[in-house]
Amino acid sequence: MQRRSVLKILCVAQFLTAGVGRAAVSTVEGKTPHRPNGPHALFTVFVDTLIPADDESPAASELGVAKKMLDTINRSASLKALYSEGLKWLDRTAHQMHTKNFIDLEEPQRVDIISLAEKADHASVQRKFFREMRDWAMELYYSHPDTWSSFGQLHPPQPVGYFNYSSAPEKT
Amino acid sequence: MQDFEPEVVVVGSGAGGGAVAWTLANAGVKVVILESGPEFLPQYDYPLSTDDWELRDFPDQPDHPRYTFAELQNLDPKLEHLLSRSLRHGLANTGSKRLAGQYMHVRGVGGSTLHYSGEAHRLHPDAMNMYSRHGVAADWPISYAELEPYYVKAEKLIGVAGPDNQGARWRSEPFPLPPHALSYASRAVTRDSTFNWQANSLGILSRAYRNRPPCNYCANCNRGCPRGDKGSVDVTFIRSALATGNCRIETFNTVTEIHAGKNDEVRSVTVRNTAGLTHEISARVFVAACGALETPRLLLLSSIANESGQVGKNFMETVLWQLSGLHKENLGSHRGLPVDTVCWDFNAPHSIPGAPGGCTLTVATPQSYLVGPVAYAHRVVDGWGRQHKQAMREQFGRAITIQSGGAFLPNDSSYIDLDPEEKDLFGQPLPRINSYVDDTTTKRLTFMQGLCRQVSDEAGIDTIVEEIGTYDQFVASHVFGTCRMGDSPEDSVVDRWGRSHRWKNLFIADASVFPSSGGGEAPSLTIQALAIRTGEHIRDQLARRAI
């Protein structure tokens with residue numbers, strides 16, 4: 001996958017690059033979550049907490065986001081190290097706060113823990129893990145066509161383009 | 001090339017090289033274009049029909065550095081207001097020095113027009129007299145009136161669409177095509193503006209023209225146009241030049257040296273290809289059209305045409321401020337053209353108090369790449385989880401980008417030289433960018449920032465998500481001036497025809513000849529007009545056996 005160097009007239013790279021460029025739990029509120037198995041279950045739960053299912057769109061794992069990320073992580077020593085440290089931090093924090101594994105927590109508890117990573121010091125491993133994985137997961141998720149119906153008139157730019165560009169967008 | 005003896009060698013196939021080759025080939029002159037990059041195949045290389053379209057940028061991805069930077073200036077704490085920042089990411093540059101960003105230049109058949117937004121601007125006539133009117137930069141040795149017929153020729157070949165009223169940019173003929181309708185988003189943004197807006201003049205077809213289809217408004221010109229409605233040089237000048245049978249183009253062929261001959265004439269050029277083969281090509285005329293970094297580099301590497309000492313000097317770069325925010329309504333702003341609307345109110349060189357050189361204002365949302373949900377998730381909508389998903393749905397289509405581009409004046413600290421250490425794939429020194437943003441430029445940027453904020457306020461943009469400028473980071477798509485055109489051999493590199501003052505058969509046809517940058521106009525049309533004029537001069541000189 002290519003890393004984008006977006007915005008051709010003016011590009012401040014930190015703002016505009018579309019993420020790290022490398023790649024379940026179905027948790028619609030009120031429904032019983034599906035608990036994934038296997039060695040990467042914790043990561044899948046983490047990614048699905050970042051991008052859960054709701055009434056209009058699927059969870060990240062339903063679109064294979066975590067799997068694609070793992071495929072790339074397994075090919076990169078530096079990503080693997082970040083992944084490993086990040087997951088360790090999640091479980092360690094889950095135990096400190098709730099004496100449970102991260103994967104066994106309810107969604108609000110998982111959200112609280114990820115929020116800690118989000119707000120941690122810039123140089124911390126949990127912050128770096130959160131930022132990288134958040135941006136990467138969003139990139140893979142929103143580049144999947146199954147997420148586009150909630151944005152109304154959205155499709156690949158070609159071959160049809162937007163001949164209606166001078167009219168108000170249709171209501172979704 | 002054994003069966004093709006070129007009379008003219010053109011180095012580079014961008015806006016200038018393509019236009020000069022087209023002019024000569026049309027006149028029956030045998031031309032070979034030497035291009036260091038590839039030929040892109042639009043339907044294959046610009047895959048805008050695939051699901052992952054938003055993860056792809058224009059496919060020119062250098063695998064080796066093409067330029068370096070000298071150390072850039074310290075940032076002034078008094079100019080904190082000019083720091084680039086975003087709601088989601090904070091400051092772009094948290095250091096104390098200006099960042100070395102990017103020179104956005106495409107190597108390949110068509111050059112940087114392959115990823116440009118299609119803006120086809122004429123220069124403001126007063127911007128060609130910056131020294132005599134304002135005591136800065138240098139005057140052009142030719143007038144707007146002398147250049148005007150060549151603008152017409154370029155516009156006709158490209159199929160430029162624009163509105164008749166062009167103010168100071170008087171026209172001898174109407175645009176070949178009617179202007180594009182403004183997008184719904186641009187109309188909403190400019191409706192209550194105190195400024196005067198009009199459809200941008202664009203080298204993008206508003207109707208079918210010369211076997212090219214009209215635009216379908218997919219908003220992604222900057223990723224490459226797979227349809228051919230955007231008038232990039234590959235589908236206009238070069239396609240027409242090749243059709244004459246008088247033009248050949250050799251890709252992946254890099255000119256590494258120009259060789260002097262007898263009687264102040266260039267004898268040949270050395271060409272190296274990616275297979276490691278080296279050969280020499282002789283011709284009657286040589287045209288360098290590699291852009292304002294590579295052309296001076298080639299001359300410096302060849303120790304030629306620098307009798308004035310001005311090769312590489314007078315470097316001018318992009319000056320830009322860009323504000324992106326959220327409109328109160330869903331405007332479907334991911335549709336349309338990259339930069340469909342322009343305001344020329346502040347473009348004349350006297351428009352900005354205390355900072356000679358004007359600026360443009362545009363609505364440039366697709367050009368800022370805010371055209372898909374991935375960009376929104378990265379740059380517009382912060383957070384994650386359920387609230388993030390809901391916010392994505394609410395905010396998609398509301399992003400608006402207001403942009404201002406302005407003049408850059410030459411200064412002694414901005415120039416191109418050869419890097420003493422870093423080399424290219426052939427072991428030759430890379431061009432090194434020495435860049436300095438002076439007080440006049442920061443005044444102009446401050447003014448441009450104010451304009452963007454005023455437009456934003458008047459448009460009902462309620463949340464600013466990014467403000468990005470070129471003060472704290474070098475980012476340039478347009479560079480100029482490094483082989484200045486002028487009447488005096490003492491302080492310029494080429495004459496009014498683009499010919500070296502000394503070397504009778506050596507010409508330059510790119511933005512390096514610009515004596516001044518203009519006030520934010522996109523330069524490609526002016527490069528092309530100048531190149532056609534240079535081409536006609538070469539044609540006449542060849543016909544008279546004067547070369």
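Here a biologist and a modeller talk through a predicted model of chains A and B.

Biologist: Before we look at details, what makes chain B a chain I can read with confidence?

Modeller: The mean pLDDT of chain B is 97, and 100% of its residues reach 70 or more. Chain A has a mean of 82, with 77% of its residues at 70 or more. The model as a whole scores ipTM 0.92 and pTM 0.94.

Biologist: Which stretch of chain A has pLDDT below 50?

Modeller: That is residues 1–33, a stretch that still has 116 contacts in the model beyond near neighbours in sequence. Where pLDDT is low, the predicted coordinates should not be read in detail.

Biologist: On to the helices. Why is H4(A) called roughly perpendicular to H6(A)?

Modeller: Start with the numbers: the axes of helix H4 (residues 77–98) of chain A and H6(A) cross at roughly 115 degrees and come within 9 Å. Angles from 65 to 115 count as roughly perpendicular, so H4(A) gets that label against H6(A). The crossing is left-handed.

Biologist: How do you know which residues make that contact?

Modeller: The cut-off is C-beta atoms, placed from the backbone, within 7 Å. On H4(A) the contact residues are Leu82(A), Glu85(A), Gly86(A) and Trp89(A). On H6(A) they are Val125(A), Gln126(A), Lys128(A), Phe129(A), Glu132(A) and Met133(A). By class, this contact has five nonpolar, two polar and three charged residues.

Biologist: Where do the two chains meet, and how many residues does each give?

Modeller: Chain A puts in 48 residues and chain B puts in 60. On the chain A side, helix H1 (13–16), helix H2 (41–50) and helix H6 (125–142) each supply at least two residues. H6(A) gives the largest share, five residues. That side of chain A divides into 27 nonpolar, 15 polar and six charged residues.

Biologist: Now chain B. What makes E9(B) and E11(B) edge strands?

Modeller: Each of them pairs on one side only. The open sheet has three strands in the order E9-E10-E11, with antiparallel pairing. From one strand to the next, the twist averages 30 degrees.

Biologist: How do you know that E9(B) and E10(B) really count as paired?

Modeller: Pairing needs at least two bridges, and seven join E9(B) to E10(B), which run antiparallel. One position to look at is His259(B), which stands opposite Ser268(B) in E10(B). This hairpin has five residues between its strands, and Asn263(B) takes a positive phi near 55 degrees.

Biologist: And how many bridges join E10(B) to E11(B)?

Modeller: Five, again with the strands antiparallel, so the cut-off of at least two is met here as well. Thr270(B) stands opposite Glu280(B) in E11(B). Four residues lie between these strands, and Gly276(B) in the turn has a positive phi of about 90 degrees.

Biologist: What makes Ala137(B) worth a look in the backbone?

Modeller: Its phi is near 50 degrees, a positive value in a residue other than glycine. You'll find Ala137(B) in the loop between helix H3 (130–134) and helix H4 (144–158) of chain B.

Biologist: Last one: which peptide bond into Pro159(A) is at issue, and is it cis or trans?

Modeller: The bond from Gln158(A) to Pro159(A) is cis, with omega near 10 degrees. Pro159(A) lies in the segment after H6 of chain A.

Definitions and conventions: Residues are numbered from 1 along each chain as its sequence is written. Chains are lettered from A and ligands numbered from 1 in the order in which they are written. This is a predicted model: local features need pLDDT of at least 70, side-chain atom pairs count only at pLDDT 80 or more; totals for chains, interfaces and linings use all residues. Ala, Val, Leu, Ile, Met, Phe, Trp, Tyr, Cys and Pro count as nonpolar, Asp, Glu, Lys and Arg as charged, and the others, Gly among them, as polar. Axes are lines fitted to C-alpha atoms, for helices over the stretch in contact, and angles run from 0 to 180 degrees between N-to-C directions. Angles under 35 degrees count as roughly parallel, over 145 as roughly antiparallel, 65 to 115 as roughly perpendicular and the rest as oblique. A crossing is left-handed if the near helix is turned anticlockwise from the far one by less than a right angle, and right-handed if clockwise. pLDDT is the predictor's confidence in each residue, from 0 to 100.
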